Every structure is written in structure tokens, then in C-alpha cells.
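I opened a new notebook page for this protein chain. My plan was to look at how its parts meet and what sits around the ligand.

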Amino acid sequence: MITPNTHYADLKESYLFYNIAQKTKAYLEEHPEKHLYRMGIGDVSLPLCDAVITALHEAVDDQADKERFHGYMPECGDPGLREILAAHYAKRGIHLSPDEVFVSSGASDELGDILDLFDRSSSALVIEPAYPAYVDANVMAGRKIVHLPAGKENGFLPEPDENAKADILYICSPNNPTGAVFNREQLQRWIDFANANGSVILFDAAYEAFIEDETLPHSIFELEGARTCAIEICSLSKTAGFTGTRLGYTVIPSDLVRAGMKFNEMWVRNRTTKTNGVSYILQKGGAAVFTPEGHQQIMENIRFYKENAAILMEALDQLGIWYCGGKNAPYIWMECPDGMGSWELFDYLLKEIQVVGTPGEGFGACGEGYFRFSTFGNREDTIEAARRLKELFVK
Ligand code: PLP
């Protein structure tokens with residue numbers, strides 16, 4: 001009889017968003033007249049910008065024209081888009097060959113698929129609280145997972161140490177859920193640690209476009225030594241509203257070599273075997289993000305989310321509640337007031353002021369006692385949620 005991948009039985013029930021949905025549904029059934037202020041979702045609320053929409057329409061028309069029609073696209077990405085992406089990095093002083101940038105269907109797909117490059121006996125370090133897919137993708141592969149808890153004492157930005165030794169090191173900066181961002185010195189220490197131990201960093205830069213403090217690194221390749229130890233995974237989901245459209249890119253430098261094997265070449269082999277490339281239409285839409293017009297328009301959308309963040313941060317500042325994130329990230333990670341547990345605060349906010357956030361415990365045990373607000377919601381709800389929070393917690 002066939003043996004399934006029994007590691008799936010080791011996955012913990014993913015109850016976080018299910019529980020939130022159940023609790024809010026039950027509340028609305030009991031109080032149908034109430035409006036919920038949803039500050040929990042990690043999905044964008046603004047539509048794609050005009051430059052992208054125009055490019056998508058043009059690409060659809062191309063597909064209707066015999067001369068301009070595109071069939072299969074190159075598996076690693078359209079060469080023109082790979083050049084555009086390399087030029088985007090060059091603006092930050094990072095010199096990449098277009099062959100080092102791969103077009104993807106988004107960061108989630110890539111974070112899962114990239115694990116094909118590592119032996120199943122390799123171990124993975126996850127800094128917690130963390131985006132849940134890091135742990136689950138490695139549990140499915142039966143890998144040993146090393147959990148490194150972060151906390152308020154280190155601003156949710158832990159340093160590498162003996163307890164952090166693993167083959168694959170996940171670093172997410174700006175972080176989901178904490179919104180914390182590693183500065184150059186802190187990130188350099190992780191790079192040096194990875195190079196010293198022969199580890200590979202999977203650097204998740206899904207939120208880099210939200211960094212406004214220009215001393216903070218947007219890319220791990222801004223730092224010395226990253227080319228020999230890091231893979232960077234990026235996404236247009238939050239940068240440009242592509243959550244439902246799907247497009248991302250991944251950088252694998254040609255200098256990343258372990259046991260004589262080049263990860264860049266392995267990934268080319270992987271992609272050419274396991275994909276037939278990303279849709280022509282989407283790649284054309286994605287290219288428009290990097291035009292001057294597209295860039296200006298996506299930055300306007302990001303500014304809108306940042307104004308939401310400022311509204312929520314102002315409320316927390318006024319209440320004297322500790323938080324991190326918000327400034328260089330679309331998430332605000334706050335300490336639960338009055339020593340409440342994170343689900344306790346969830347229930348309290350739902351019942352008292354109809355504000356919905358995400359309990360920190362859902363991102364790992366050390367997230368207990370914290371709560372995440374997303375700033376991707378609409379303006380009116382954000383203003384009202386902030387007002388209600390102030391009224392509820394004022395001493
Ligand atoms: N990485 C992090 C840290 C995320 O928060 C998300 C989405 O919320 C992703 C990756 C996935 O992004 P994508 O939509 O590109 O799959």
C-alpha cells in the first residue's frame with residue numbers, strides 16, 4: 001500500500017484565522033446591527049494602480065493579436081522583467097545579473113518551493129513570533145525546526161547565538177507580525193553567523209517597500225557577505241496590491257554555493273522542471289510597477305496605509321501602550337493592556353468596541369500577551385477603531 005507523507009500528521013491545527021472567523025461570525029449573529037472594525041486582515045484594500053491596470057489591459061490585447069501573442073514564457077521569468085528587476089536593485093547600489101533574479105508567482109509559493117533546494121535532514125531556524133508558513137512548510141518536509149523566541153527585551157529582533165544554529169535561517173524584515181526591522185548592524189551579525197556556520201538565510205522581504213527610515217536595509221544584499229549566504233524572497237502583493245493578482249521575485253546570487261553546488265543553477269533546473277513560467281499578462285502588469293509612473297502610484301497607496309498606521313499609533317501613544325512596528329511596516333504589534341492574554345484581549349475588543357485584531361499567540365507561543373493590528377483597512381474604520389480604543393483604555 002502507498003505510504004503518504006506522514007509528516008502532514010505532525011502539522012498543528014491552524015486555528016488562528018479560523019477561530020477569528022468563527023468568533024466574529026458568532027458575534028454578528030448575536031448582534032446583527034453592529035459593524036465590525038476589522039484591523040486584523042493582512043490583505044490590501046486599495047485596487048491596483050492605473051499604470052498596472054493599463055499594462056494588464058495592453059497585455060490582454062497582445063494575447064488577442066497574432067503578431068503580439070505570447071505562448072509559454074521562459075520558466076525563470078521574462079528576460080525583460082528580469083532586467084528591470086536587476087535595474088531596480090542597482091538603484092540601491094546592489095549589482096545583480098538579471099540571471100540572479102527569478103520571477104515568481106508570489107512569496108508564498110516561493111517560500112514553499114525553495115525548500116526543494118535543501119536536504120530533508122537539514123534543520124530550519126524560525127524566529128518567533130513568525131509568519132506561520134515557515135514552520136508548516138518545514139514540518140511537511142519532516143525537518144527539524146529550531147524555534148528562537150523574540151521578545152520585548154530585544155525589540156523582537158534577536159541576535160544570533162549558539163541556540164540559533166541551523167542550516168536554514170528564516171529572517172523576515174520588516175517582520176510579520178511584529179513590524180520590527182533589523183538595522184544594518186543587526187542584519188550584518190546574522191550574515192556573519194550564517195557564513196561562519198555554512199547556513200543559508202531565507203530573507204523574506206515581502207514588506208521592504210514600507211521602510212521609510214533610509215538607514216534601514218530594504219535588501220539583505222545591501223550588506224557585505226550576503227551573496228555567499230542568502231536568498232531573498234520578494235513580493236508585489238503588499239508593495240503594489242498584487243495579493244489577488246500574484247507576482248513576486250526571488251534573488252539567488254551565483255556566489256551561493258554549498259558542497260560544490262550552486263543554488264542559482266539548481267533553481268534554474270528546478271524551475272525548468274516544475275513550472276512553465278508566470279503568465280505573460282501578469283509579468284507585463286508587474287513591469288509597470290517599476291516605471292516612474294507606476295512607482296509614484298504604488299507609493300501613494302503605501303502612504304495611505306502609513307496614514308492608517310499613524311492614526312493607530314497616535315492612539316496607542318496617547319494611551320501609553322507599548323508597541324513596535326507601524327513606522328516601517330504595515331503591522332503594529334502591541335502589548336496587551338492590563339496583563340491580558342491575547343485571546344482575552346481579542347474577545348474584550350470584539351465585545352466592547354467591535355474592533356477585530358489578531359491575537360499574538362497565533363504566531364507562536366512567545367506572541368502570547370501581544371496583539372497585531374493591520375493597517376491595510378479602510379480609513380473610516382481605522383479612525384473609528386482608534387477612537388474606540390482611546391475611549392476604552394483611557395485611565
Ligand atoms: N511573507 C510574509 C512575511 C507575508 O506576510 C506574506 C503574506 O502575507 C507572504 C510572505 C506571502 O506573500 P505573497 O502574497 O506574495 O504570497
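**Between the domains**

I began with polar contacts and counted 15 residue pairs in polar contact between domain 1 and domain 2, both residues at pLDDT 80 or more. I noted that the model is predicted.

I then checked which elements of domain 1 touch domain 2. Helix H10 (292–319) and the strands S11 (323–325), S12 (331–335) and S15 (370–374) each supply at least two residues to that side. H10 gives the largest share of it, 8 residues. By type, I sorted the residues of this side into 18 nonpolar, 10 polar and 6 charged.

I looked up the bounds of the domains next. The domain assignment puts 7–48 + 294–393 in domain 1 and 50–291 in domain 2. Their C-alpha centres are 26 Å apart.

How many residues of each domain are in contact with the other? I found 34 in domain 1 and 44 in domain 2. The two domains bury about 3,300 Å² between them, and carbon and sulfur atoms account for 65% of that. On the domain 1 side, Leu48, Asn328 and Phe363 lose the most area to domain 2, together 23% of what that side buries.

**Salt bridges**

Why would two side chains pair up at all? My reminder to myself is that side chains of opposite charge can pair when their charged atoms come close.

I counted 25 salt bridges by the rule used here. Between domain 1 and domain 2 the count is 3. I also wrote down the salt bridge between the side chains of Lys306 and Glu212, with N to O at 3.0 Å.

Another entry is Glu159 with Arg189, where the closest N and O atoms are 2.5 Å apart. This pair links distant parts of the chain, 30 residues apart. I located Glu159 in the loop between strand S4 (144–149) and strand S5 (168–172), and Arg189 in helix H6 (residues 184–197).

**Around the ligand**

I listed the surroundings of the ligand last. It has 15 residues around it, and the closest are Asp204, Tyr207, Ser235, Ser237 and Arg246.

Which part of Ser108 lies 2.8 Å from an oxygen atom of the ligand, backbone or side chain? I found that it is a backbone N or O atom. For Lys238, a polar side-chain atom lies 2.9 Å from a ligand oxygen. Arg246 also has a polar side-chain atom by a ligand oxygen, at 2.7 Å.

Key: Residues numbered from 1 in each chain as written. Predicted model: local features only at pLDDT ≥ 70, side-chain atom pairs only at ≥ 80, totals over all residues. Heavy atoms only, no water. Domains from an automatic or database assignment. Contact = heavy atoms within 4.5 Å. Buried area = accessible area lost by both parts, 1.4 Å probe. Salt bridge = Lys/Arg side-chain N within 4 Å of Asp/Glu carboxyl O. Polar contact = N/O pair within 3.5 Å; in protein donor to acceptor, adjacent residues only side chain to side chain. Helix = DSSP H or I, 4+ residues; strand = E, 2+ residues; numbered from the N terminus. Nonpolar A, V, L, I, M, F, W, Y, C, P; charged D, E, K, R; others polar. Near = heavy atom within 4 Å.
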